[in-house]
Amino acid sequence: MIEERPPLPPFTLETARLKVRAAEDGWNSRNPEKVSLAYTPDTVWRNRAEFPVGRAEVVAFLTRKWQREHDYRLIKELWTYAGNRIAVRFAYEWHDGKGQWYRSYGNENWEFAPNGLMHRRFASINDLAISESERKMRWQSGPRPADHPGLSELDL
């Protein structure tokens with residue numbers, strides 16, 4: 001059986017937006033095994049100073065990430081797309097074990113295999129310490145509600 005994760009490339013505006021929202025929802029699940037299934041078995045990442053290769057390393061990376069980043073909430077927004085590539089910008093909020101809140105901003109470049117699984121993911125991320133009162137991503141754990149503002153509406 002061939003793994004397939006629609007929508008498949010080449011992307012249109014509509015299918016690129018669907019792919020971005022599916023990625024956001026997956027990451028907001030904070031389930032490393034589930035998230036890893038959106039990537040090819042031999043996926044290649046660059047995330048800050050880490051370079052996971054393959055699903056097992058992605059699971060290990062995400063497990064460590066979400067053990068450090070408590071109450072994680074993420075919003076992604078399509079930046080551009082062409083063929084089998086999508087670029088997004090994102091922001092997420094989280095706090096560390098001492099209760100310090102952060103907003104992390106970044107960009108990702110994605111390249112997809114013909115079956116719709118992401119083969120390459122390159123992320124650049126910056127962290128900003130914020131106070132709890134500065135938080136803008138306030139929803140129950142899990143996917144962002146459909147009526148919650150996106151990055152542009154939040155002026156992020």
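A nonpolar core is a set of buried Ala, Val, Leu, Ile, Met, Phe, Trp, Tyr and Cys residues joined through side-chain atoms within 4.5 Å. In the predicted model described here, the largest such core has 26 residues. The residues with the most contacts inside this core are Trp-27, Trp-45, Leu-62, Ile-86, Tyr-92 and Trp-110. Two or more residues are given to the core by each of the elements α1 (13-29), β1 (39-47), α3, β2 (70-82), β3 (85-95), β4 (101-112) and β5 (118-130). Of these, β3 contributes the most, with five residues. A second core, separate from this one, consists of seven residues, among them Ile-75, Ala-91, Trp-139 and Leu-156. In soluble globular proteins, nonpolar side chains tend to be buried together.

The elements around these cores can be placed in the overall fold. The secondary structure of the protein consists of three helices and five strands, and the order from the N terminus is α-α-β-α-β-β-β-β. For 156 residues the globule rule gives 15 Å, and the radius of gyration of the protein, 15 Å, is close to that value, so the protein is as compact as a globular protein of that length. Along the principal axes, the C-alpha atoms fill a box of roughly 45 × 30 × 25 Å. Among contacts with a separation of 6 or more, 58% are between residues 24 or more positions apart.

Individual contacts were examined for two residues. Leu-62, one of the core residues with the most contacts, is in contact with Trp-27, Pro-32, Val-35 and Trp-45 when neighbours within four places in sequence are left aside. Lys-65 is found in helix α3, which covers residues 55-68. The relative accessibility of Lys-65 is 4%; because buried means under 20% relative accessible area, Lys-65 counts as buried. With residues up to four places away in sequence not counted, Lys-65 touches Trp-27, Tyr-72 and Tyr-92. Trp-27 is thus listed among the contacts of Leu-62 and among those of Lys-65.

Burial and surface were also computed for the protein as a whole. Buried residues make up 49% of the 156 residues. The exposed area of the protein is about 8200 Å², of which carbon and sulfur atoms supply 54%. The protein carries 24 positive and 22 negative charges, and the mean positions of the two sets are 1 Å apart.

Note on methods:
Residues numbered from 1 in each chain as written. Predicted model: local features only at pLDDT ≥ 70, side-chain atom pairs only at ≥ 80, totals over all residues. Heavy atoms only, no water. Helix = DSSP H or I, 4+ residues; strand = E, 2+ residues; numbered from the N terminus. Rg over C-alpha atoms; globule rule 2.2 N^0.38 Å. Buried < 20%, exposed > 50% of the residue type's maximum accessible area, 1.4 Å probe, protein only. Contact = heavy atoms within 4.5 Å. Areas by Shrake-Rupley, 256 points an atom, 1.4 Å probe, with all protein chains shown as cover. Lys, Arg positive; Asp, Glu negative; His and termini not counted. Charge placed at Lys NZ, Arg CZ, Asp CG, Glu CD.
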